[in-house]
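Trainee: I am new to this structure. Please pick one part, take a close look at it, and then lead me outward from there.

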Amino acid sequence: MLPRVLLCDEIEYVQDELKEMFQGIAEVIHLVSESRSHFLSSFGPGGPYEGTVAVYRHTESSEVIGTFDAPLIHALADTSRVRWIAHNGSGYDDIDVQACKERGIMVSNTPRGNEDATATATLYLMLSCLRHFSMAERSLRSGTWRKPYNAAQVHDITGRTLGILGLGAIGLRFAHLAHAFPMRIIYFSRRKAESAPDWCEYVSSIEELCKQAYVLSVHIPLNQSTVGMIGEKEIRTLQRGSVLLNTSRGRTVDQEAVIRALEDGHLSSVGLDVYPDEPHVDPRLLTFPRCTLLPHVGGDTAEAWRKMELKALGNLRAFVLGGVGEDIVPELKAGIGNPTTL
């Protein structure tokens with residue numbers, strides 16, 4: 001009997017490749033559960049997921065089975081043979097990685113799969129915030145032409161300083177895009193990036209980054225150490241009238257501090273694609289017409305989804321064939337020396 005791979009979310013862009021990748025090495029099965037309790041009770045003998053060794057997931061299945069929190073992980077470890085979770089997405093904050101580590105379940109993600117899509121979305125947010133394009137379009141659509149638009153409050157991008165917090169794949173791609181204007185690019189990461197070009201200047205602290213940046217763009221993962229990393233202190237360190245962008249995770253930025261800074265004009269606008277309690281958006285954010293707000297679509301293009309599905313499925317295939325997949329999340333990389341036995 002072939003090992004089974006469970007797709008908690010459907011594959012939309014690489015269905016033909018899916019069949020070829022697992023033909024003869026694993027049986028691909030699909031989520032049939034309509035509740036979390038049914039999901040967790042279905043891995044035993046005779047259950048629809050019996051024999052499952054690995055799981056593919058995105059975020060949409062959370063509406064049915066919930067997030068992969070500690071209780072779910074422990075239940076999986078107790079009742080199933082699942083030893084690999086292939087997450088489709090670069091951010092994996094809805095998986096309890098520590099619980100996975102405790103129970104010997106590995107987790108992979110899809111880094112670099114949507115770097116171009118997210119970077120270009122960030123570029124759009126920056127352009128729109130500085131030029132008030134979102135407000136201008138809403139004015140046109142409402143039939144008032146350009147009535148609220150005031151050129152005295154609109155600014156060019158060329159020559160301004162962009163501060164990037166987190167020069168990973170997305171941050172670096174955004175840096176390349178912004179440099180073309182040109183802009184002066186500075187960044188802060190946990191360590192100096194070896195891949196950074198000479199024109200991308202490393203600064204020694206978040207405080208120094210905020211002191212120099214006119215536009216601050218956040219590109220960090222969400223974990224315990226990054227919750228609220230950009231807070232009241234950091235925002236007030238930015239010069240008055242600056243712009244804040246966030247396409248990473250909503251909780252990396254203190255939303256209350258942002259709203260206060262918008263209310264008193266310390267921030268001229270913000271460009272957001274992520275929020276602390278999605279899909280809920282604080283209605284106060286909607287009252288600032290210069291801001292540009294997107295519903296977490298920054299990484300969503302057909303090309304990005306295709307790359308991410310292939311990458312996630314490739315991680316699953318590598319695990320089924322050799323007991324060790326690729327793209328293991330950093331918190332678990334110390335455990336890759338011993339292949340997991342199927």
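Mentor: Gly228 sits in the loop that links strand 9 to helix 10 (232–237). The model is predicted. Is Gly228 buried or partly exposed? Its relative accessibility is 31%, so Gly228 counts as partly exposed. Leave out residues up to four places away in sequence, and Gly228 touches Arg251, Thr252, Val253 and Asp254. Take Thr252. Gly228 and Thr252 are 24 residues apart in sequence. In space, their C-alpha atoms are 4.6 Å apart.

Now follow Val253. Gly228 touches it, and Val253 also helps to line the largest cavity. That cavity has a volume of about 100 Å³. The count of cavities of 30 Å³ or more is two. Which residues line the largest cavity? Along with Val253 they are Leu244, Asn246, Gly250, Gln255, Val258, Leu272, Val274, Tyr275, Pro276 and Leu285. By class, eight are nonpolar and three are polar, with no charged residues. Strand 10 (242–246) gives at least two residues to this lining. Helix 11 (255–263) also gives at least two.

Stay with strand 10. Five of its five residues are buried, so strand 10 is largely enclosed by the rest of the structure. In a regular strand, side chains alternate between the two faces of the sheet. Here Ser242, Leu244 and Asn246 point one way. Val243 and Leu245 point the other way. Two from the Ser242 group, Leu244 and Asn246, are in the cavity lining.

Next, the neighbours of strand 10. Strand 9 (residues 215–218) runs parallel to strand 10, and four bridges join them. One pair is Val218 of strand 9 with Asn246 of strand 10. So far, then, Asn246 is a buried residue, a lining residue of the largest cavity and a bridge partner.

Step back to the sheet. What is the order of its strands? Seven strands form an open sheet in the order 8-7-6-9-10-11-12, with parallel pairing. Strand 8 (200–202) and strand 12 (292–293) are the edges, each pairing on one side only. At the strand 12 edge, two bridges join strand 11 (residues 267–272) to strand 12 in the parallel sense. Gly271 has Thr292 of strand 12 as its bridge partner.

A helix packs against this sheet too. Helix 8 (residues 169–179) has these buried residues: Ile170, Gly171, Leu172, Phe174, Ala175, Leu177 and Ala178. What do they pack against? The partners are helix 6 (115–131), strand 6 (161–165), strand 7 (184–188), strand 8, strand 9 and strand 10. Strand 10 comes up again here.

Two more stops, away from that sheet order. Ser108 lies in strand 5 (residues 106–108). Its relative accessibility is 0%, so Ser108 counts as buried. The side chains of Ser108 and Asn315 share a polar contact of 3.5 Å. Beyond four places in sequence, the contacts of Ser108 include Trp84, His87, Glu326 and Asp327.

Last, the second largest pocket. Its volume is about 170 Å³. Among its lining residues are Cys8, Asp9, Glu10, Tyr56, His58 and Trp305. The lining has four nonpolar, one polar and five charged residues. Set that beside the largest cavity, where the lining has no charged residues.

Methods
Residues are numbered from 1 along each chain as its sequence is written. This is a predicted model: local features need pLDDT of at least 70, side-chain atom pairs count only at pLDDT 80 or more; totals for chains, interfaces and linings use all residues. Side-chain values use heavy atoms; hydrogens and water are left out. On a 1 Å grid over the protein atoms alone, a cavity is a set of points where a 1.4 Å probe fits but cannot get out, and a pocket is an open set with protein on both sides within 12 Å along at least five of seven lines; lining residues have an atom within 4 Å of a point. Grid points are joined across faces, edges and corners, and a volume is the space filled by probe spheres set on the points. Ala, Val, Leu, Ile, Met, Phe, Trp, Tyr, Cys and Pro count as nonpolar, Asp, Glu, Lys and Arg as charged, and the others, Gly among them, as polar. Buried means under 20% relative accessible area, exposed over 50%, partly exposed in between (1.4 Å probe, protein chains only). A polar contact is a pair of N or O atoms within 3.5 Å; within protein, one must be able to donate a hydrogen and the other to accept it, and residues adjacent in sequence count only if both atoms are side-chain atoms. Contact means heavy atoms within 4.5 Å. Two strands pair if DSSP finds at least two bridges between them.
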